Amino acid sequence: MSDQAAANAQTAQATAEQAAAHAQVAQAAADQAAADAQAAQQAADQAAADAAQAATDAEHAAQEARDLIAAEQAASEAQAALEAAQAKLDQVLADTNTAEPAITTGGDLNVTANSVGSADNALSTDVGGTLNVAGAADGSVAETVNVENQGDLNSSAIAATGDVTLVATGDVQVTGDGTAADVTAGGTATLKSAGADVGAASDPISVDAGSVGAYGQNVYIEGWPDLPVDSIVAQDHAVITPPGDVTDTGAGAGVVADSATITAGGSIGTTDNPLDVDAGDVATASGGGTSLDLTSPATDVDATAGGDVDITSTGKVTGKASGSSVSVAADGDVGESASKPFTATVPTKADAAGTSEYGDVSLKVNTTAKPEPKPKPNGNSVIVAKAVVKSTKKAVITWNKVYGATRYVVYFQKCNGKKAIKKLAVVKGTGTLKRVVKGLKADRCYKFKVKAQKRVGKKWKTISTSVAGHFYTKSAEFTNAKKLKLSKTKVTLRKGKSTRITGKVVAADKARKLFFHDKKLKRLYASDEALRFRSSDKSVATVNAKGKIVAKGKGQCVVWAQAVNGLWKKVKVTVK
(Lines give C-alpha, C1' and ligand atoms only; values in the text may rest on other atoms or scores of the structure.)
Protein backbone atom coordinates (compact mmCIF):
# COMPACT_ATOMS: atom_id res chain seq x y z
CA MET A 1 0.00 0.00 0.00
CA SER A 2 1.35 3.49 -0.92
CA ASP A 3 1.92 6.12 1.69
CA GLN A 4 -1.05 8.15 0.33
CA ALA A 5 -3.41 5.19 0.57
CA ALA A 6 -2.32 4.52 4.16
CA ALA A 7 -2.93 8.17 5.05
CA ASN A 8 -6.36 8.05 3.46
CA ALA A 9 -7.21 4.87 5.42
CA GLN A 10 -6.16 6.49 8.67
CA THR A 11 -8.24 9.54 7.89
CA ALA A 12 -11.28 7.36 7.14
CA GLN A 13 -10.75 5.41 10.37
CA ALA A 14 -10.54 8.61 12.36
CA THR A 15 -13.69 9.90 10.69
CA ALA A 16 -15.55 6.66 11.50
CA GLU A 17 -14.44 6.74 15.14
CA GLN A 18 -15.50 10.36 15.41
CA ALA A 19 -18.91 9.47 13.92
CA ALA A 20 -19.29 6.60 16.42
CA ALA A 21 -18.42 8.95 19.25
CA HIS A 22 -21.06 11.45 18.05
CA ALA A 23 -23.59 8.58 17.86
CA GLN A 24 -22.83 7.56 21.45
CA VAL A 25 -23.26 11.12 22.62
CA ALA A 26 -26.55 11.37 20.73
CA GLN A 27 -27.77 8.07 22.29
CA ALA A 28 -26.79 9.22 25.76
CA ALA A 29 -28.68 12.46 25.16
CA ALA A 30 -31.72 10.50 23.97
CA ASP A 31 -31.60 8.19 27.03
CA GLN A 32 -31.34 11.20 29.35
CA ALA A 33 -34.27 12.84 27.59
CA ALA A 34 -36.36 9.66 28.03
CA ALA A 35 -35.39 9.44 31.71
CA ASP A 36 -36.28 13.13 32.19
CA ALA A 37 -39.62 12.54 30.47
CA GLN A 38 -40.37 9.54 32.71
CA ALA A 39 -39.42 11.51 35.83
CA ALA A 40 -41.64 14.36 34.66
CA GLN A 41 -44.58 11.95 34.16
CA GLN A 42 -44.06 10.47 37.62
CA ALA A 43 -43.96 13.95 39.11
CA ALA A 44 -47.15 14.82 37.25
CA ASP A 45 -48.86 11.62 38.50
CA GLN A 46 -47.79 12.32 42.09
CA ALA A 47 -49.03 15.90 41.81
CA ALA A 48 -52.40 14.63 40.54
CA ALA A 49 -52.62 12.10 43.42
CA ASP A 50 -51.68 14.80 45.95
CA ALA A 51 -54.35 17.06 44.51
CA ALA A 52 -57.00 14.30 44.71
CA GLN A 53 -56.05 13.52 48.35
CA ALA A 54 -56.13 17.23 49.18
CA ALA A 55 -59.62 17.45 47.69
CA THR A 56 -60.75 14.40 49.74
CA ASP A 57 -59.24 15.83 52.94
CA ALA A 58 -60.94 19.14 52.24
CA GLU A 59 -64.32 17.43 51.79
CA HIS A 60 -63.87 15.48 55.02
CA ALA A 61 -62.90 18.65 56.86
CA ALA A 62 -65.91 20.44 55.39
CA GLN A 63 -68.24 17.59 56.47
CA GLU A 64 -66.81 17.61 59.98
CA ALA A 65 -67.32 21.34 60.10
CA ARG A 66 -70.93 20.95 58.94
CA ASP A 67 -71.53 18.21 61.56
CA LEU A 68 -70.02 20.40 64.27
CA ILE A 69 -72.15 23.37 63.24
CA ALA A 70 -75.26 21.13 63.26
CA ALA A 71 -74.38 19.81 66.74
CA GLU A 72 -73.78 23.34 68.04
CA GLN A 73 -77.07 24.46 66.48
CA ALA A 74 -78.94 21.59 68.14
CA ALA A 75 -77.34 22.37 71.50
CA SER A 76 -78.17 26.07 71.04
CA GLU A 77 -81.80 25.28 70.22
CA ALA A 78 -82.07 22.97 73.24
CA GLN A 79 -80.60 25.65 75.49
CA ALA A 80 -82.95 28.28 74.06
CA ALA A 81 -85.96 26.00 74.66
CA LEU A 82 -84.83 25.35 78.22
CA GLU A 83 -84.32 29.07 78.88
CA ALA A 84 -87.77 29.83 77.45
CA ALA A 85 -89.34 27.19 79.69
CA GLN A 86 -87.47 28.54 82.70
CA ALA A 87 -88.56 32.09 81.85
CA LYS A 88 -92.18 30.96 81.62
CA LEU A 89 -91.84 29.16 84.97
CA ASP A 90 -90.27 32.25 86.56
CA GLN A 91 -93.16 34.39 85.29
CA VAL A 92 -95.74 31.95 86.65
CA LEU A 93 -94.01 31.85 90.00
CA ALA A 94 -93.65 35.65 90.02
CA ASP A 95 -97.36 36.04 89.34
CA THR A 96 -98.09 33.53 92.10
CA ASN A 97 -95.89 35.41 94.53
CA THR A 98 -97.44 38.81 93.84
CA ALA A 99 -101.07 37.82 93.27
CA GLU A 100 -103.52 38.37 96.10
CA PRO A 101 -104.69 34.89 97.18
CA ALA A 102 -108.39 34.21 96.70
CA ILE A 103 -108.43 32.02 99.82
CA THR A 104 -106.30 32.50 102.92
CA THR A 105 -106.38 30.21 105.94
CA GLY A 106 -103.99 29.33 108.71
CA GLY A 107 -105.56 25.87 108.96
CA ASP A 108 -106.69 23.24 106.49
CA LEU A 109 -108.53 23.99 103.26
CA ASN A 110 -111.14 21.50 102.02
CA VAL A 111 -112.23 21.97 98.40
CA THR A 112 -115.07 19.96 96.87
CA ALA A 113 -115.72 20.69 93.19
CA ASN A 114 -115.96 19.19 89.72
CA SER A 115 -112.89 21.24 88.78
CA VAL A 116 -110.53 23.31 90.90
CA GLY A 117 -109.25 26.32 88.99
CA SER A 118 -108.29 26.08 85.32
CA ALA A 119 -105.18 26.09 83.18
CA ASP A 120 -105.62 29.85 82.55
CA ASN A 121 -106.96 30.78 85.98
CA ALA A 122 -105.62 28.67 88.85
CA LEU A 123 -107.13 28.82 92.30
CA SER A 124 -104.89 31.20 94.29
CA THR A 125 -104.42 30.21 97.92
CA ASP A 126 -102.39 30.79 101.07
CA VAL A 127 -102.92 27.64 103.12
CA GLY A 128 -101.14 27.21 106.43
CA GLY A 129 -102.45 23.68 106.98
CA THR A 130 -103.28 20.92 104.51
CA LEU A 131 -105.07 21.21 101.18
CA ASN A 132 -107.74 18.54 100.67
CA VAL A 133 -109.41 18.23 97.25
CA ALA A 134 -112.37 15.99 96.36
CA GLY A 135 -114.90 15.72 93.54
CA ALA A 136 -118.36 17.23 93.85
CA ALA A 137 -120.09 13.85 94.10
CA ASP A 138 -119.43 11.45 96.96
CA GLY A 139 -116.44 9.25 96.23
CA SER A 140 -115.65 11.02 92.95
CA VAL A 141 -112.56 12.90 91.87
CA ALA A 142 -112.23 16.30 90.25
CA GLU A 143 -111.88 16.70 86.50
CA THR A 144 -108.88 19.04 86.78
CA VAL A 145 -106.95 20.61 89.64
CA ASN A 146 -104.98 23.88 89.27
CA VAL A 147 -103.74 25.51 92.48
CA GLU A 148 -101.17 28.27 93.08
CA ASN A 149 -100.17 28.71 96.72
CA GLN A 150 -98.10 31.34 98.50
CA GLY A 151 -95.61 29.72 100.85
CA ASP A 152 -95.33 25.97 101.40
CA LEU A 153 -98.06 23.80 99.87
CA ASN A 154 -98.91 20.66 101.83
CA SER A 155 -101.64 18.52 100.33
CA SER A 156 -103.28 15.20 100.93
CA ALA A 157 -103.53 12.82 97.96
CA ILE A 158 -104.93 14.54 94.86
CA ALA A 159 -106.65 12.78 91.96
CA ALA A 160 -108.17 14.12 88.74
CA THR A 161 -109.44 12.60 85.53
CA GLY A 162 -107.55 15.32 83.61
CA ASP A 163 -104.52 17.48 84.49
CA VAL A 164 -103.19 18.33 87.94
CA THR A 165 -101.02 21.46 88.41
CA LEU A 166 -99.68 22.49 91.82
CA VAL A 167 -97.51 25.64 92.08
CA ALA A 168 -96.04 27.14 95.24
CA THR A 169 -93.54 29.79 96.24
CA GLY A 170 -92.31 27.39 98.96
CA ASP A 171 -92.03 23.63 99.20
CA VAL A 172 -94.53 21.36 97.47
CA GLN A 173 -95.42 18.18 99.35
CA VAL A 174 -98.25 15.74 98.64
CA THR A 175 -98.78 12.86 101.04
CA GLY A 176 -101.27 10.06 100.53
CA ASP A 177 -102.09 6.94 102.53
CA GLY A 178 -100.05 4.59 100.35
CA THR A 179 -103.03 2.79 98.80
CA ALA A 180 -102.72 4.89 95.64
CA ALA A 181 -100.30 7.41 94.17
CA ASP A 182 -99.94 10.74 95.99
CA VAL A 183 -100.88 12.46 92.72
CA THR A 184 -103.10 10.75 90.15
CA ALA A 185 -103.84 12.48 86.84
CA GLY A 186 -105.45 11.14 83.70
CA GLY A 187 -103.49 13.78 81.81
CA THR A 188 -100.38 15.68 82.89
CA ALA A 189 -99.23 16.15 86.50
CA THR A 190 -97.14 19.32 87.01
CA LEU A 191 -95.51 20.22 90.34
CA LYS A 192 -93.63 23.55 90.64
CA SER A 193 -91.76 25.34 93.42
CA ALA A 194 -90.00 28.72 93.34
CA GLY A 195 -86.59 28.22 94.95
CA ALA A 196 -87.70 25.38 97.22
CA ASP A 197 -88.21 21.63 96.97
CA VAL A 198 -90.75 19.37 95.31
CA GLY A 199 -91.13 16.34 97.56
CA ALA A 200 -88.47 15.36 100.09
CA ALA A 201 -85.60 12.90 100.19
CA SER A 202 -87.35 10.97 102.96
CA ASP A 203 -90.79 11.29 101.37
CA PRO A 204 -90.77 11.54 97.57
CA ILE A 205 -94.05 12.30 95.80
CA SER A 206 -95.47 9.30 93.96
CA VAL A 207 -97.19 10.18 90.68
CA ASP A 208 -99.49 8.16 88.43
CA ALA A 209 -100.07 10.26 85.30
CA GLY A 210 -99.93 10.31 81.52
CA SER A 211 -96.87 12.56 81.77
CA VAL A 212 -95.02 14.26 84.62
CA GLY A 213 -93.41 17.68 84.96
CA ALA A 214 -91.64 18.95 88.09
CA TYR A 215 -89.59 22.09 88.81
CA GLY A 216 -87.75 23.09 91.99
CA GLN A 217 -84.49 23.56 93.84
CA ASN A 218 -84.50 19.83 94.50
CA VAL A 219 -87.01 17.37 93.06
CA TYR A 220 -87.92 13.99 94.58
CA ILE A 221 -90.38 12.00 92.47
CA GLU A 222 -91.58 8.38 92.34
CA GLY A 223 -93.61 6.61 89.66
CA TRP A 224 -96.72 4.51 90.25
CA PRO A 225 -95.27 2.24 89.01
CA ASP A 226 -93.93 3.83 85.80
CA LEU A 227 -92.83 7.44 85.33
CA PRO A 228 -93.35 9.09 81.91
CA VAL A 229 -91.11 12.18 82.03
CA ASP A 230 -92.06 15.43 80.30
CA SER A 231 -89.67 17.86 82.05
CA ILE A 232 -88.12 17.39 85.48
CA VAL A 233 -85.94 20.42 86.23
CA ALA A 234 -83.95 20.91 89.45
CA GLN A 235 -81.49 23.66 90.28
CA ASP A 236 -79.53 21.20 92.42
CA HIS A 237 -80.62 17.57 92.62
CA ALA A 238 -83.25 15.51 90.80
CA VAL A 239 -83.98 12.16 92.43
CA ILE A 240 -86.29 9.85 90.49
CA THR A 241 -87.21 6.47 91.97
CA PRO A 242 -90.03 4.58 90.20
CA PRO A 243 -90.56 0.86 90.88
CA GLY A 244 -91.32 0.44 87.17
CA ASP A 245 -89.95 2.07 84.00
CA VAL A 246 -88.78 5.63 83.32
CA THR A 247 -89.77 6.80 79.85
CA ASP A 248 -89.32 10.04 77.90
CA THR A 249 -92.52 11.49 76.41
CA GLY A 250 -90.48 13.64 74.02
CA ALA A 251 -92.69 16.63 74.79
CA GLY A 252 -90.30 18.38 77.18
CA ALA A 253 -86.67 18.75 78.18
CA GLY A 254 -86.38 15.37 79.92
CA VAL A 255 -84.31 15.59 83.12
CA VAL A 256 -82.34 18.80 83.75
CA ALA A 257 -80.33 19.20 86.97
CA ASP A 258 -76.92 19.84 88.44
CA SER A 259 -76.95 16.16 89.41
CA ALA A 260 -79.52 13.45 88.71
CA THR A 261 -80.10 10.13 90.45
CA ILE A 262 -82.47 7.72 88.70
CA THR A 263 -83.28 4.35 90.25
CA ALA A 264 -85.83 2.21 88.44
CA GLY A 265 -87.10 -1.29 89.05
CA GLY A 266 -87.64 -1.61 85.30
CA SER A 267 -85.90 0.13 82.39
CA ILE A 268 -84.69 3.71 81.98
CA GLY A 269 -85.49 4.93 78.48
CA THR A 270 -85.41 2.63 75.47
CA THR A 271 -83.01 2.13 72.57
CA ASP A 272 -85.49 3.82 70.21
CA ASN A 273 -86.45 6.53 72.72
CA PRO A 274 -83.65 7.22 75.23
CA LEU A 275 -84.21 9.45 78.25
CA ASP A 276 -82.87 12.99 77.66
CA VAL A 277 -80.66 14.10 80.56
CA ASP A 278 -78.83 17.41 80.97
CA ALA A 279 -76.75 17.11 84.15
CA GLY A 280 -73.13 17.27 85.21
CA ASP A 281 -73.43 14.09 87.28
CA VAL A 282 -75.79 11.22 86.46
CA ALA A 283 -76.21 8.09 88.58
CA THR A 284 -78.60 5.39 87.38
CA ALA A 285 -79.60 1.92 88.49
CA SER A 286 -82.16 -0.16 86.64
CA GLY A 287 -83.52 -3.67 86.76
CA GLY A 288 -83.74 -3.64 82.96
CA GLY A 289 -81.83 -1.72 80.33
CA THR A 290 -80.69 1.92 80.47
CA SER A 291 -80.69 4.24 77.44
CA LEU A 292 -79.60 7.86 77.95
CA ASP A 293 -79.19 10.81 75.60
CA LEU A 294 -76.87 13.25 77.41
CA THR A 295 -76.96 16.90 76.34
CA SER A 296 -74.59 18.48 78.87
CA PRO A 297 -71.13 19.59 77.60
CA ALA A 298 -69.61 17.15 80.10
CA THR A 299 -71.30 14.39 82.10
CA ASP A 300 -69.87 12.06 84.71
CA VAL A 301 -71.85 8.81 84.64
CA ASP A 302 -72.33 6.00 87.15
CA ALA A 303 -74.75 3.53 85.54
CA THR A 304 -75.72 0.04 86.65
CA ALA A 305 -78.25 -2.00 84.69
CA GLY A 306 -79.71 -5.46 84.68
CA GLY A 307 -79.77 -5.23 80.87
CA ASP A 308 -77.90 -3.22 78.24
CA VAL A 309 -76.51 0.30 78.79
CA ASP A 310 -76.66 2.62 75.75
CA ILE A 311 -75.31 6.17 76.16
CA THR A 312 -75.19 8.88 73.51
CA SER A 313 -73.86 12.37 74.22
CA THR A 314 -73.38 15.68 72.46
CA GLY A 315 -70.45 16.37 74.79
CA LYS A 316 -67.88 14.53 76.89
CA VAL A 317 -68.64 11.39 78.91
CA THR A 318 -66.62 10.16 81.89
CA GLY A 319 -67.27 7.67 84.68
CA LYS A 320 -68.37 4.04 84.56
CA ALA A 321 -71.19 1.70 83.58
CA SER A 322 -72.03 -1.96 84.05
CA GLY A 323 -74.61 -4.17 82.36
CA SER A 324 -75.17 -6.97 79.86
CA SER A 325 -73.49 -4.67 77.36
CA VAL A 326 -72.21 -1.08 77.47
CA SER A 327 -72.12 1.27 74.47
CA VAL A 328 -70.96 4.90 74.68
CA ALA A 329 -71.12 7.16 71.61
CA ALA A 330 -70.12 10.79 72.18
CA ASP A 331 -69.33 13.86 70.12
CA GLY A 332 -66.61 14.71 72.66
CA ASP A 333 -64.17 12.55 74.60
CA VAL A 334 -65.07 9.19 76.10
CA GLY A 335 -63.12 8.94 79.35
CA GLU A 336 -61.00 11.60 81.02
CA SER A 337 -57.63 10.33 79.81
CA ALA A 338 -55.65 7.16 79.27
CA SER A 339 -54.87 7.12 82.99
CA LYS A 340 -58.51 7.79 83.91
CA PRO A 341 -60.62 5.98 81.28
CA PHE A 342 -64.34 5.35 81.13
CA THR A 343 -64.83 1.93 82.74
CA ALA A 344 -67.27 -0.61 81.34
CA THR A 345 -68.03 -3.77 83.32
CA VAL A 346 -69.58 -6.42 81.07
CA PRO A 347 -69.60 -10.22 80.66
CA THR A 348 -67.01 -10.23 77.83
CA LYS A 349 -64.83 -7.64 76.07
CA ALA A 350 -66.99 -7.94 72.97
CA ASP A 351 -69.93 -6.53 75.00
CA ALA A 352 -68.33 -3.05 75.38
CA ALA A 353 -67.87 -0.31 72.78
CA GLY A 354 -66.86 3.37 72.84
CA THR A 355 -66.81 5.84 69.94
CA SER A 356 -66.23 9.57 69.59
CA GLU A 357 -67.07 11.84 66.67
CA TYR A 358 -64.50 14.55 67.41
CA GLY A 359 -62.64 13.51 70.57
CA ASP A 360 -60.56 10.69 72.00
CA VAL A 361 -61.72 7.36 73.39
CA SER A 362 -60.19 6.02 76.61
CA LEU A 363 -62.11 2.87 77.50
CA LYS A 364 -61.28 0.22 80.08
CA VAL A 365 -63.23 -3.03 80.01
CA ASN A 366 -63.68 -5.24 83.06
CA THR A 367 -65.21 -8.65 82.38
CA THR A 368 -67.46 -10.57 84.77
CA ALA A 369 -67.86 -13.84 82.86
CA LYS A 370 -65.84 -16.65 84.38
CA PRO A 371 -64.68 -19.63 82.36
CA GLU A 372 -67.01 -22.53 82.93
CA PRO A 373 -65.37 -25.37 84.83
CA LYS A 374 -65.26 -28.69 83.04
CA PRO A 375 -68.21 -30.94 83.97
CA LYS A 376 -67.53 -33.80 86.31
CA PRO A 377 -67.04 -37.16 84.53
CA ASN A 378 -70.52 -38.43 85.52
CA GLY A 379 -72.05 -38.12 82.06
CA ASN A 380 -73.92 -34.87 82.77
CA SER A 381 -72.38 -33.04 79.81
CA VAL A 382 -74.87 -34.72 77.45
CA ILE A 383 -78.60 -35.24 77.78
CA VAL A 384 -80.43 -38.56 77.60
CA ALA A 385 -84.22 -38.82 77.69
CA LYS A 386 -86.62 -41.73 78.11
CA ALA A 387 -90.37 -42.29 77.97
CA VAL A 388 -92.39 -44.69 80.13
CA VAL A 389 -95.96 -45.55 79.17
CA LYS A 390 -98.18 -45.27 82.25
CA SER A 391 -101.52 -46.07 80.66
CA THR A 392 -103.22 -46.21 77.29
CA LYS A 393 -103.53 -42.43 77.22
CA LYS A 394 -100.55 -41.25 79.29
CA ALA A 395 -96.75 -41.41 79.20
CA VAL A 396 -94.00 -39.68 81.21
CA ILE A 397 -90.85 -38.28 79.58
CA THR A 398 -87.87 -37.85 81.93
CA TRP A 399 -84.25 -36.83 81.42
CA ASN A 400 -80.99 -36.29 83.28
CA LYS A 401 -79.74 -32.96 84.66
CA VAL A 402 -77.17 -31.41 82.30
CA TYR A 403 -74.30 -29.33 83.64
CA GLY A 404 -74.83 -25.59 83.00
CA ALA A 405 -78.37 -25.93 81.62
CA THR A 406 -80.98 -23.49 82.94
CA ARG A 407 -83.92 -24.79 80.92
CA TYR A 408 -85.02 -27.82 78.93
CA VAL A 409 -87.13 -27.81 75.77
CA VAL A 410 -89.31 -30.89 75.23
CA TYR A 411 -90.38 -31.96 71.73
CA PHE A 412 -93.14 -34.55 71.18
CA GLN A 413 -95.57 -35.79 68.56
CA LYS A 414 -97.04 -38.83 66.80
CA CYS A 415 -94.64 -40.63 64.47
CA ASN A 416 -95.19 -39.40 60.92
CA GLY A 417 -92.11 -40.50 59.00
CA LYS A 418 -90.50 -37.05 59.23
CA LYS A 419 -87.44 -36.01 61.25
CA ALA A 420 -88.96 -32.79 62.62
CA ILE A 421 -90.64 -32.96 66.03
CA LYS A 422 -93.01 -30.29 67.36
CA LYS A 423 -92.13 -28.28 70.46
CA LEU A 424 -94.24 -29.34 73.45
CA ALA A 425 -93.02 -27.43 76.50
CA VAL A 426 -90.20 -25.52 78.22
CA VAL A 427 -89.17 -26.73 81.69
CA LYS A 428 -87.05 -24.61 84.04
CA GLY A 429 -83.75 -26.10 85.11
CA THR A 430 -84.75 -25.69 88.75
CA GLY A 431 -87.95 -27.70 88.25
CA THR A 432 -88.72 -31.41 88.10
CA LEU A 433 -87.00 -32.95 85.10
CA LYS A 434 -90.03 -34.62 83.57
CA ARG A 435 -93.06 -33.92 81.38
CA VAL A 436 -96.34 -35.84 81.45
CA VAL A 437 -98.06 -36.23 78.08
CA LYS A 438 -101.76 -37.08 78.02
CA GLY A 439 -104.47 -37.70 75.46
CA LEU A 440 -102.56 -40.46 73.68
CA LYS A 441 -104.27 -43.08 71.55
CA ALA A 442 -103.87 -46.84 71.77
CA ASP A 443 -101.75 -48.79 69.33
CA ARG A 444 -99.82 -45.71 68.15
CA CYS A 445 -96.14 -44.82 67.80
CA TYR A 446 -94.92 -41.53 69.34
CA LYS A 447 -91.53 -39.82 69.21
CA PHE A 448 -89.76 -37.33 71.48
CA LYS A 449 -86.50 -35.53 72.25
CA VAL A 450 -85.23 -32.98 74.79
CA LYS A 451 -82.78 -30.07 74.40
CA ALA A 452 -80.70 -28.71 77.29
CA GLN A 453 -80.13 -24.95 76.95
CA LYS A 454 -78.46 -22.02 78.71
CA ARG A 455 -78.83 -18.26 78.29
CA VAL A 456 -75.97 -16.53 76.46
CA GLY A 457 -76.58 -12.79 76.22
CA LYS A 458 -80.06 -12.34 74.75
CA LYS A 459 -80.26 -15.78 73.15
CA TRP A 460 -80.67 -19.38 74.25
CA LYS A 461 -77.82 -21.72 73.33
CA THR A 462 -78.37 -25.48 73.06
CA ILE A 463 -75.79 -27.41 75.12
CA SER A 464 -76.94 -30.90 74.20
CA THR A 465 -79.80 -32.62 72.37
CA SER A 466 -81.02 -36.10 73.25
CA VAL A 467 -81.26 -38.91 70.73
CA ALA A 468 -84.81 -39.04 69.38
CA GLY A 469 -86.76 -41.72 71.26
CA HIS A 470 -89.81 -43.70 70.16
CA PHE A 471 -92.41 -45.68 72.08
CA TYR A 472 -95.63 -47.57 71.41
CA THR A 473 -98.83 -47.16 73.40
CA LYS A 474 -100.83 -50.20 74.49
CA SER A 475 -100.89 -52.65 71.60
CA ALA A 476 -101.84 -56.25 70.94
CA GLU A 477 -98.65 -56.71 68.93
CA PHE A 478 -95.86 -54.49 70.32
CA THR A 479 -94.32 -53.64 73.69
CA ASN A 480 -91.53 -51.32 74.89
CA ALA A 481 -88.20 -51.80 76.66
CA LYS A 482 -88.43 -52.26 80.43
CA LYS A 483 -84.82 -52.97 81.38
CA LEU A 484 -81.27 -53.05 79.96
CA LYS A 485 -78.62 -55.66 80.69
CA LEU A 486 -75.03 -54.77 79.67
CA SER A 487 -71.96 -56.96 79.40
CA LYS A 488 -69.92 -54.31 81.29
CA THR A 489 -70.73 -51.26 83.40
CA LYS A 490 -67.10 -50.28 84.12
CA VAL A 491 -64.21 -50.15 81.63
CA THR A 492 -60.53 -49.28 82.12
CA LEU A 493 -58.38 -48.83 78.99
CA ARG A 494 -55.06 -47.45 77.93
CA LYS A 495 -54.93 -44.80 75.26
CA GLY A 496 -55.43 -46.32 71.80
CA LYS A 497 -56.99 -49.54 73.10
CA SER A 498 -60.62 -50.57 72.60
CA THR A 499 -63.35 -52.85 73.90
CA ARG A 500 -66.96 -53.61 72.99
CA ILE A 501 -70.10 -53.35 75.06
CA THR A 502 -72.94 -55.72 74.30
CA GLY A 503 -76.34 -55.79 75.86
CA LYS A 504 -79.85 -57.09 75.95
CA VAL A 505 -83.14 -55.25 76.07
CA VAL A 506 -85.75 -56.79 78.36
CA ALA A 507 -89.30 -56.28 77.08
CA ALA A 508 -92.06 -54.93 79.30
CA ASP A 509 -94.36 -57.71 78.03
CA LYS A 510 -92.58 -60.87 76.92
CA ALA A 511 -95.70 -62.09 75.13
CA ARG A 512 -95.41 -59.24 72.62
CA LYS A 513 -92.78 -58.12 70.14
CA LEU A 514 -90.29 -55.54 71.33
CA PHE A 515 -90.87 -52.35 69.38
CA PHE A 516 -87.94 -51.24 67.20
CA HIS A 517 -88.09 -48.06 65.15
CA ASP A 518 -85.86 -49.22 62.29
CA LYS A 519 -87.35 -50.18 58.94
CA LYS A 520 -84.14 -51.97 57.97
CA LEU A 521 -84.48 -54.49 60.80
CA LYS A 522 -86.57 -57.42 59.67
CA ARG A 523 -86.39 -59.13 63.05
CA LEU A 524 -88.26 -57.92 66.14
CA TYR A 525 -86.59 -59.27 69.25
CA ALA A 526 -84.50 -58.03 72.17
CA SER A 527 -80.80 -57.74 71.25
CA ASP A 528 -77.92 -55.28 71.23
CA GLU A 529 -79.01 -54.19 67.77
CA ALA A 530 -81.74 -52.14 69.48
CA LEU A 531 -79.23 -50.15 71.55
CA ARG A 532 -77.87 -46.67 70.80
CA PHE A 533 -74.60 -45.46 72.34
CA ARG A 534 -73.08 -42.03 73.00
CA SER A 535 -70.04 -40.73 74.89
CA SER A 536 -70.15 -37.86 77.38
CA ASP A 537 -66.59 -36.80 76.45
CA LYS A 538 -65.19 -37.77 73.05
CA SER A 539 -61.74 -36.46 74.01
CA VAL A 540 -61.55 -39.32 76.52
CA ALA A 541 -63.36 -42.09 74.64
CA THR A 542 -65.54 -42.57 71.57
CA VAL A 543 -68.17 -45.22 70.91
CA ASN A 544 -69.74 -46.40 67.67
CA ALA A 545 -73.18 -47.77 66.82
CA LYS A 546 -72.04 -51.33 67.65
CA GLY A 547 -70.85 -50.41 71.14
CA LYS A 548 -67.12 -50.36 70.35
CA ILE A 549 -65.34 -48.02 72.80
CA VAL A 550 -61.96 -46.54 71.76
CA ALA A 551 -59.74 -44.83 74.34
CA LYS A 552 -58.60 -41.38 73.09
CA GLY A 553 -57.03 -39.56 76.04
CA LYS A 554 -56.45 -39.77 79.77
CA GLY A 555 -59.46 -39.08 81.94
CA GLN A 556 -62.92 -40.36 82.80
CA CYS A 557 -66.24 -40.24 80.98
CA VAL A 558 -69.52 -42.11 80.64
CA VAL A 559 -70.84 -44.08 77.70
CA TRP A 560 -74.63 -44.06 77.69
CA ALA A 561 -76.47 -47.10 76.33
CA GLN A 562 -80.11 -46.51 75.40
CA ALA A 563 -83.05 -48.53 74.14
CA VAL A 564 -85.41 -47.21 71.47
CA ASN A 565 -87.72 -45.68 74.09
CA GLY A 566 -84.72 -43.91 75.68
CA LEU A 567 -84.32 -46.27 78.64
CA TRP A 568 -80.67 -45.80 79.64
CA LYS A 569 -77.78 -47.33 81.51
CA LYS A 570 -74.25 -45.99 82.20
CA VAL A 571 -70.88 -47.47 81.42
CA LYS A 572 -68.12 -45.73 83.38
CA VAL A 573 -64.94 -45.40 81.31
CA THR A 574 -61.44 -44.68 82.65
CA VAL A 575 -58.53 -44.08 80.29
CA LYS A 576 -55.00 -44.26 81.75
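Start your tour inside the protein: a search for cavities of 30 Å³ or more turns up 1. That cavity is also a good place to remember that you are looking at a predicted model.

**Stop 1: the cavity**

Select H470, N480, A481, V505, L514, F515, F516, A530, A563, V564 and N565, and show their side chains. Together these residues line the largest cavity. How much space lies in it? About 60 Å³. If you wonder how anyone spots a gap like this, rolling a probe the size of a water molecule over the atoms shows where empty space is left.

**Stop 2: the whole view**

Now zoom out and switch to cartoon. How many helices and strands does the protein have? You should find 1 helix and 44 strands, so expect plenty of arrows as you turn the model around. 

Switch on a surface next. The protein exposes about 29,800 Å², and carbon and sulfur atoms supply 50% of that area. Of the 576 residues in the protein, 39% are buried. Contacts tell you about the fold too: take those between residues at least 6 apart in sequence, and 41% of them join residues at least 24 apart.

**Stop 3: a sheet with β42 in the middle**

Hide the surface and select residues 498-500, 541-543 and 548-551. These are β37 and β41, along with β42. They form an open sheet of 3 strands in the order β37-β42-β41, with antiparallel pairing. Which strands sit at the edges? They are β37 and β41, each pairing on one side only. Look along the sheet and you can follow its twist, which averages 20° from one strand to the next.

Zoom in on β41 and β42, which run antiparallel and are joined by 3 bridges. Click T542, then look across to V550 in β42, which stands opposite. While the side chains are showing, keep a rule of thumb in mind: in a regular strand they alternate between the two faces of the sheet.

**Stop 4: another open sheet**

Next, select residues 385-389 and 434-437 for β26 and β30, and add 395-399 for β27. Here the order is β26-β27-β30, again an open sheet of 3 strands with antiparallel pairing. The edge strands are β26 and β30, and each of them pairs on one side only. From one strand to the next, the twist averages 20°.

β26 and β27 pair over 5 bridges in the antiparallel sense. To see one of the pairs, pick V389, whose bridge partner in β27 is A395.

**Stop 5: parallel neighbours**

Select residues 308-313 for β20 and 325-330 for β22. Do these two run parallel or antiparallel? They run parallel, with 6 bridges joining them. Label S313 and its bridge partner in β22, A330.

Now add residues 352-356, which make up β24. β22 pairs with β24 in the parallel sense, over 5 bridges. Look for S327, which stands opposite A353 in β24.

**Stop 6: one lysine**

Finish at K316, in strand β21 (residues 316-322). Is K316 buried or exposed? It counts as partly exposed, because its relative accessibility is 22% and the buried class ends under 20%.

Show what surrounds K316. Leaving aside neighbours within four places in sequence, K316 is in contact with P297, A298, T299, G332, D333, G335 and E336. For a last click, draw a distance from K316 to D360, C-alpha to C-alpha: the two are 44 residues apart in sequence and 9.6 Å apart in space.

Conventions: Residues numbered from 1 in each chain as written. Predicted model: local features only at pLDDT ≥ 70, side-chain atom pairs only at ≥ 80, totals over all residues. Heavy atoms only, no water. Pairing = 2+ DSSP bridges. Helix = DSSP H or I, 4+ residues; strand = E, 2+ residues; numbered from the N terminus. Axes fitted to C-alpha atoms, helices over the stretch in contact; angles between N-to-C directions. Buried < 20%, exposed > 50% of the residue type's maximum accessible area, 1.4 Å probe, protein only. Contact = heavy atoms within 4.5 Å. Areas by Shrake-Rupley, 256 points an atom, 1.4 Å probe, with all protein chains shown as cover. 1 Å grid on protein atoms, 1.4 Å probe; cavity = no way out; pocket = protein on both sides within 12 Å on 5 of 7 lines; lining within 4 Å. Points joined across faces, edges and corners; volume = space filled by probe spheres on them.
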